[in-house]
Amino acid sequence: MNFQNKVVLVTGAAQGIGAAVVDKLCQYGAKVAALDSNETVLYRFIDSLRSQTVLPFVVDISDSRQVICVVEQIEKTLGPIDYLVSVAGILRMGDLLALSDEDWQATFSVNTTGAFNITRTVARYMKERCSGSMVVVSSNAASVPRMQMGAYAASKAAVTMLAKCLALELAAFNIRCNIVSPGSTDTAMQRALWTDASGPEKVIAGSLDHHRLGIPLQKIASPDTIADAVIFLLSEQASHITMHDLRVDGGATLGCQ
Ligand SMILES: NC(=O)c1ccc[n+]([C@@H]2O[C@H](COP(=O)([O-])OP(=O)(O)OC[C@H]3O[C@@H](n4cnc5c(N)ncnc54)[C@H](O)[C@@H]3O)[C@@H](O)[C@H]2O)c1
């Protein structure tokens, strides 16, 4: 992987999958703009990296004005953005019939509109240069219904199609756009779903009550595993791959599209 001196923007960079992506990109020599809305966790993570090549930016990606300003600032300070990884996301659980307006809107504001804001803004700069590659992190819930995850699954289905349409619009400008759809991955978002110490075993086993299959590969993914898939699709090693949705879920959704 050659990311030496390349400028990469990563959202949701403070923890979990986004942090794993930032960590690997630093090791590959990239200059990383790490965006997150959680200032405390972001600064703590960036300090722990002890890297000269990563800069933190506190931004709420659901606010298009903030996104436009920060992208302009990154282009001026770090240089032209070569790569974008859109990771930031939230999960609000609940049956659709009981879901509040606020839960529905917050879910779409971050998972769908947030991804739209950042991909659209960065793509405008990439298009000028006829160069660039982006990866949007969606979810395996985008294509398989989940109990209590109606808003989340719908927001992820929307962002998956957003990324594919964007890939189509940008292909003629030498810009690739791909999707990584993780399954259960060991992060704060996943742990919030575990009610006791047997949380991981229950996820791996699946649950007929919840119409949910287990994980054939018998393990929960680590954020590093998802980051590897992201970095492959981002890189020149995937130079002829675009509009692709790479499922990284240990077989949990049986490859259903
Ligand atoms: N963990 C899983 O099991 C799993 C499975 C499938 C998909 N995903 C997806 O992977 C992505 C990363 O998830 P994770 O598990 O690392 O979650 P996480 O909760 O550990 O990290 C998400 C990060 O996004 C940031 N964020 C949230 N809202 C934001 C906003 N408005 N602006 C900027 N930053 C914001 C948070 O502060 C946090 O640092 C998400 O899009 C999630 O939907 C996760």
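**Notebook: ligand site and selected residues**

I began with the ligand and found a backbone N or O atom of Val59 at 3.5 Å from one of the ligand's nitrogen atoms. The model I am reading is a predicted one, and I keep that in mind for each entry below.

**Entry 1. Ligand contacts**

I went on to the other polar contacts. Ile61 places a polar backbone atom 3.0 Å from a nitrogen atom of the ligand. At Gln15 the partner is a side chain: one of its polar atoms is 2.9 Å from a ligand oxygen. I then looked up how much of the ligand is covered. On its own the ligand would expose 840 Å², and the protein buries 92% of this area.

**Entry 2. The shell**

How many residues surround the ligand? I noted 29, with Asp36, Val87, Tyr152, Lys156 and Thr187 as the closest. By residue class, the shell holds 13 nonpolar, 13 polar and three charged residues. The ligand takes up the space of the largest pocket. I listed the elements that supply two or more residues to the shell: helix H1 (16-27), helix H5 (150-170) and helix H6 (188-191). Helix H6 gives the largest share, which is three residues.

**Entry 3. Two positive phi values**

I checked backbone angles next. Gln148 is not a glycine, yet its phi is positive, at about 65°. I placed Gln148 in the loop that runs between strand S5 (132-137) and H5. Gln148 has a relative accessible area of 38%, so I record this residue as partly exposed.

Met243 is another residue other than glycine with a positive phi, here near 65°. Met243 sits in the loop between helix H8 (223-234) and strand S7 (245-248). Its relative accessible area is 32%, and I therefore enter Met243 as partly exposed.

**Entry 4. The H8-S7 loop again**

I stayed in this loop for Thr242, which also lies between H8 and S7. Thr242 counts as partly exposed because its relative accessibility is 28%. I then looked for a sequence-distant partner. Thr242 and Cys177 are 65 residues apart along the chain, and their C-alpha atoms are separated by 5.4 Å.

**Entry 5. Ser133**

Is Ser133 buried or exposed? I found a relative accessible area of 1%, so Ser133 is buried. Ser133 belongs to strand S5. A polar atom of the Ser133 side chain lies 2.9 Å from the backbone oxygen of Leu234. I note that Leu234 falls within the range of helix H8 (223-234).

**Entry 6. Val203**

I moved to helix H7 (residues 199-205), where Val203 lies. Val203 has 15% relative accessibility; the cut-off for buried is under 20%, and Val203 therefore counts as buried. I also took a C-alpha distance here: Val203 and Ile215 are twelve residues apart along the chain and 7.4 Å apart in space.

**Entry 7. Arg129**

Where is Arg129? I located Arg129 in helix H4 (residues 101-129). With a relative accessible area of 32%, Arg129 is partly exposed. I checked Arg129 against Phe173, which is 44 residues away in sequence; the C-alpha to C-alpha distance is 8.4 Å.

**Entry 8. Gln66**

My last stop was Gln66, in helix H3 (residues 64-77). Its relative accessibility is 33%, so I list Gln66 as partly exposed. I paired Gln66 with Val32, 34 residues away in sequence, and their C-alpha atoms are 18 Å apart.

Note on methods
Residues are numbered from 1 along each chain as its sequence is written. This is a predicted model: local features need pLDDT of at least 70, side-chain atom pairs count only at pLDDT 80 or more; totals for chains, interfaces and linings use all residues. Side-chain values use heavy atoms; hydrogens and water are left out. A residue is near a molecule or strand if one of its heavy atoms lies within 4 Å of it. A polar contact is a pair of N or O atoms within 3.5 Å; within protein, one must be able to donate a hydrogen and the other to accept it, and residues adjacent in sequence count only if both atoms are side-chain atoms. Accessible areas come from the Shrake-Rupley method with a 1.4 Å probe; for residues, only the protein chains shown count as cover. On a 1 Å grid over the protein atoms alone, a cavity is a set of points where a 1.4 Å probe fits but cannot get out, and a pocket is an open set with protein on both sides within 12 Å along at least five of seven lines; lining residues have an atom within 4 Å of a point. A molecule sits in a cavity or pocket if more than half of its atoms lie within 2 Å of its grid points. Helices (H or I, at least four residues) and strands (E, at least two) are DSSP runs, numbered from the N terminus. Ala, Val, Leu, Ile, Met, Phe, Trp, Tyr, Cys and Pro count as nonpolar, Asp, Glu, Lys and Arg as charged, and the others, Gly among them, as polar. Buried means under 20% relative accessible area, exposed over 50%, partly exposed in between (1.4 Å probe, protein chains only).
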